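Here is a small set of exercises to work through with the model open in your viewer. Try each task yourself before reading its solution.

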Amino acid sequence: MTGTVTVNAAPLPTITITSVSRDPVSGHFLIDGVSQASLTLSLVSASDLGSQFNPTGETAMSDGSGLFHFDDATAATALTQFYKVTIP
């Protein structure tokens, strides 16, 4: 049997972290960004770039303009933290 298989896959959306800051009272890391509208996103983090990124348990949905926000309470005592935003 011979033939051609055509796969039409939608391109993955672009996800951009636009700011990471720290709440001076709680110590939480605050992550803001932009992607496509109404997209469910997950936050993963690592204490250094040589470590595996692990889920923080935080999820967010981008709003109608594509803006999203995460409040990472799991790293309140960490000195540094590296983040990626993924599609679940």
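**Exercise 1: a pair of strands**

In what sense do β2 and β5 pair, and over how many bridges? Please keep in mind that this is a predicted model.

*Solution.* Start with the pairing itself: β2 and β5 run antiparallel to each other, and six bridges link them. For one concrete bridge, pick G33, whose partner in β5 is F68. Next, widen the view to the whole sheet, which is open, has three strands in the order β1-β2-β5 and is paired in the antiparallel sense. The edges belong to β1 (16-22) and β5; each has a single partner strand, so one side of each has no neighbour in the sheet. Finally, check the twist: neighbouring strands here are turned by 15° against each other on average, direction ignored.

**Exercise 2: the other sheet**

Find the order of the open sheet that contains β4, β3 and β6, and name its edge strands.

*Solution.* Take β3 (residues 40-46) and look for its partners. With β6 it pairs in the antiparallel sense over five bridges. β3 and β4 are likewise antiparallel, over five bridges. The order is therefore β4-β3-β6, using the rule that two strands pair if DSSP finds at least two bridges between them. The edge strands are β4 (54-61) and β6 (82-86), each of which pairs on one side only. On average, neighbouring strands of this sheet are turned by 25° against each other, direction ignored.

Now go down to single residues. S42 faces T59 in β4, and the bridge partner of S42 in β6 is T86. Further along, V44 stands opposite K84 in β6.

**Exercise 3: what is covered**

Which residues form the largest nonpolar core, and which elements give two or more residues to it?

*Solution.* First list the members: the core has 12 residues, namely F29, I31, L39, L41, L43, A60, F68, F70, A75, A78, Y83 and V85. Then assign them to elements: β2 (29-34), β3, β5 (67-72) and β6 each give two or more. Look at β3 once more, where six of the seven residues are buried, meaning under 20% relative accessible area.

As a last step, follow one core member, F68. Leaving aside neighbours within four places in sequence, F68 is in contact with I15, T16, I31, D32, G33, V34, S35, L41, S62 and V85. Of these contacts, I31, L41 and V85 are also listed in the core.

**Exercise 4: the whole chain**

How many helices and strands does the chain have, and why is it described as more spread out than a compact globule?

*Solution.* Count the elements: there are zero helices and six strands, which gives the run β-β-β-β-β-β from the N terminus on. Then compare sizes: the radius of gyration is 17 Å, well over the 12 Å that the globule rule gives for 88 residues, so the chain is more spread out than a compact globule. The C-alpha trace spans about 65 × 35 × 20 Å along its principal axes.

Two further totals round off the exercise. Buried residues make up 30% of the 88 residues, and the chain exposes about 5,800 Å², of which carbon and sulfur atoms supply 57%. For the contact pattern, take pairs at least 6 apart in sequence: 58% of these contacts join residues at least 24 apart.

Methods:
Residues numbered from 1 in each chain as written. Predicted model: local features only at pLDDT ≥ 70, side-chain atom pairs only at ≥ 80, totals over all residues. Heavy atoms only, no water. Helix = DSSP H or I, 4+ residues; strand = E, 2+ residues; numbered from the N terminus. Axes fitted to C-alpha atoms, helices over the stretch in contact; angles between N-to-C directions. Rg over C-alpha atoms; globule rule 2.2 N^0.38 Å. Buried < 20%, exposed > 50% of the residue type's maximum accessible area, 1.4 Å probe, protein only. Contact = heavy atoms within 4.5 Å. Areas by Shrake-Rupley, 256 points an atom, 1.4 Å probe, with all protein chains shown as cover. Core = buried A, V, L, I, M, F, W, Y, C linked by side-chain atoms within 4.5 Å.
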